[in-house]
Amino acid sequence: MVKAEAPFPNREKLPVNDRRAQLISRLRQDVHPAEGQIPAYIFSSPEVYELEMERIFPCCWLLVAHESEIPEPGDYVTRSLGPYPVIVVRGEDGKIRILLNVCRHRGMRVCRADSGNTADFLCSYHGFNYKNTGELIGVPFEKDSYGAFDKSQHGLLAMKVDSYHGLIFGAAPGLEESLDQFLGGMKWYLDLYVKRAEMTVTGPPQRWAVQSNWKLPSENFASDAYHVPNTHACMPSLGLFPNISYAKFGYHIHAGNGHGIGIGTGVADSPTIWPETLLQQFEKNLSPEQFSILKTVKNAHATVFPNLSFLISSMTYEGQPIYHTTMRLWQPVGYDTIEVASWVLVEKDIPEESKKKTQRAYIHTFGSSGMLEQDDTENWINVTENSRRVLQLPGVTFNYQMGLGRKPMDSFPGPGEVYECKFHEANARAFYQRWLDLLLGDGGDASI
Amino acid sequence: MHRFELEREVAEFLYREAELLDSNRLEQWLELLTEDINYEMPLRMTRERGQPDVSSQTGHFSEDRRSLELRVKRLGTDFGWAENPPSRTRRFISNIRVENTADANEVKADSYFLLYRNRGSSTQADLISGERQDLLRRRDGGWKLASRLILVDQAVLGTRNLAIFF
């Protein structure tokens, strides 16, 4: 391979760690979330991406599946836990495990389907065989080849696993922080999506690849109600939303640790989006404070740092009010590409007909073909491409100053820093502060 | 009708439809659909041999006449950013198989498609292939599309959005 002449020849000669130190000092110098200044290059630098894969994803609890995807013993789905290929499987003992999908002998993927049900995973390479609990139970020609092989030491490596109201999270084995600590104040808000009723996914996730850096959609769902009146300006003319300033009414909340949520309440005294029967259920499952907020919700977008987002959306559809809840992972597969996995969550007890209606409302408005989301991906792809093209112009920064200096509310029932009016960028600032703290290795809670 | 003639008519219908979609004449495309059209693109999945690889639960499209009209209307507003400027697309339709049904006015027509999509100045293009299982109904001396099941050949769609039709 012909090597292009490096623009900074000395840099190539530095040992890896010194290059790394240089990158970290550059980030320290350039990235100022609290002041709302973010350099363009963080969305397209392969070096920044490498550092994220080392310091962000292995240091966070990451969603891998919903419990309703694997209800029976032996049920599994294959997923990514950050960069790691994993099998999320309910063992024959009923316990959910997250197993590294890497054979202990030569590293072959032991499970190559998206989902299924199995008692064991048989590696296609040399035939090592693992029970659905991860235990190694078979080594071909064991006596002839190894004499004795300590199978007990060669089970599939297990990642940490914990769950929150149906959401299965995993983490790298070394992570000390518990899921509870990691989610912190965000649990109060997550409850609005997953604890309001027993929730179930409608089926496997839609998956599609988008040439976007992973931070753009994550930040958008955490923080950005401001794009709605413009990006989605076609909605009022189609009769789906009442008007374009609809998006600003509500609360903008940084729940700690970079987790952000925007709760849209619509105009004052507008009717609730929820059917009466569900409201009764919600009231039972939530605290009175949570219920008082959920009752008024018209939409709620959120990101659990780093790349898990949620949305409650409602609109007038075919003359009827209709809502849906979606959950998605913005799975990075490179510095400029994500694979989106997007599920629909429904209340388990609602009639099949209502589930179908909800699912259709989702498909028409969000997801791979959704009339709103189509325009979002167009934006994120173009921002990613532009940031790549200005990579060598270090002075190009993006502005995240909206709402700087505004005072948070002091009377909101939920935790975190809460601002009235959803046109605000405090959540994006908090997201990038958390991101920066992890990259620099400074740790600590992000607070803006 | 002679079988050869029927096959020829169906092929011409499908080519004409592809032409309307490729040239962004979407309102005219809608005229080819029946009022009660059912238009579905279920998810494809990677499954063990013998397991169903088409999801019966979730999909990329689940449409009726009204929702398709809404989608077309949206693209025609000043804010249909996803397809403005529009992609350049080319739909190649092949392997057409026509089968009679119990209803003399309806035929089943299966076909393969290869859709090329290119945007902006990119020299890269999205290629999406698959099969369509259609039901065509004779109306007003011509054919209309009454039902379409689209089996796309990707578990992870390799295109930024489905602001396009199949």
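Is A:N117 buried, exposed or partly exposed, and how many other C-beta atoms lie within 10 Å? The close-ups below come from a predicted model, and the opening view takes up that residue.

**View 1. A:N117 sits in strand β6 of chain A.** The strand covers residues 115-117. A:N117 has 15 other C-beta atoms within 10 Å, so it counts as partly exposed; the buried class would need 20 or more, and the exposed class 12 or fewer. Leaving out residues up to four places away in sequence, A:N117 touches A:E72, A:G74 and A:D75. For a distance to check on screen, try A:I70: its C-alpha atom is 8.7 Å from that of A:N117, with the two positions 47 residues apart along the chain.

**View 2. A:P33 lies in the loop between α2 and β1 of chain A.** The flanking elements here are α2 (16-30) and β1 (37-39). Despite the loop setting, A:P33 is buried, because 22 other C-beta atoms lie within 10 Å and the class begins at 20. Pick A:H227 as a second point and you'll find it 194 residues from A:P33 in sequence, with 20 Å from C-alpha to C-alpha.

**View 3. Helix α7 packs against helix α13 in chain A.** Here α7 spans residues 215-223 and α13 spans residues 373-389. Their axes are 9 Å apart and meet at an angle of about 130 degrees. That makes α7(A) and α13(A) oblique to each other, because the angle falls outside the parallel, antiparallel and perpendicular ranges. The crossing of this pair, α7(A) and α13(A), is right-handed. On the α7(A) side, the residues to look for are A:L216, A:P217 and A:N220; on the α13(A) side they are A:D376, A:W380, A:V383 and A:T384. Sorted by class, the contact of α7(A) with α13(A) has 4 nonpolar, 2 polar and 1 charged residues.

**View 4. Helix α7 of chain A also packs against helix α14.** The partner this time covers residues 426-440 of chain A. The axes of α7(A) and α14(A) are 8 Å apart, at an angle of about 135 degrees. Once again the pair is oblique, since roughly antiparallel would take an angle over 145. The crossing of α7(A) and α14(A) is right-handed. From α7(A) come A:S218, A:E219, A:A222 and A:S223, while α14(A) brings in A:N427, A:A428 and A:F431. The split for the contact of α7(A) with α14(A) is 3 nonpolar, 3 polar and 1 charged.

**View 5. Chain B meets chain A.** The contact draws 32 residues from chain B and 33 residues from chain A. Within chain B, β2 (54-63) and α3 (65-75) each supply at least two residues of the side that touches chain A. The biggest share comes from β2(B), with 7 residues. By class, this side of chain B has 12 nonpolar, 13 polar and 7 charged residues.

**View 6. Chain B on its own has 3 helices and 6 strands.** Read from the N terminus, the elements go α-α-β-β-α-β-β-β-β. The radius of gyration of chain B is 16 Å, which agrees with the value near 15 Å for a compact globule of 166 residues. Along the principal axes, the C-alpha atoms fill a box of roughly 45 × 45 × 30 Å. Buried residues make up 30% of chain B. Of the contacts in chain B between residues at least 6 apart in sequence, 57% join residues at least 24 apart.

Methods
Residues numbered from 1 in each chain as written. Chains lettered and ligands numbered in written order. Predicted model: local features only at pLDDT ≥ 70, side-chain atom pairs only at ≥ 80, totals over all residues. Axes fitted to C-alpha atoms, helices over the stretch in contact; angles between N-to-C directions. Helix = DSSP H or I, 4+ residues; strand = E, 2+ residues; numbered from the N terminus. Parallel < 35°, antiparallel > 145°, perpendicular 65-115°, else oblique. Left-handed = near helix turned anticlockwise from the far one by under 90°. Contact = placed C-beta atoms within 7 Å. Nonpolar A, V, L, I, M, F, W, Y, C, P; charged D, E, K, R; others polar. Rg over C-alpha atoms; globule rule 2.2 N^0.38 Å.
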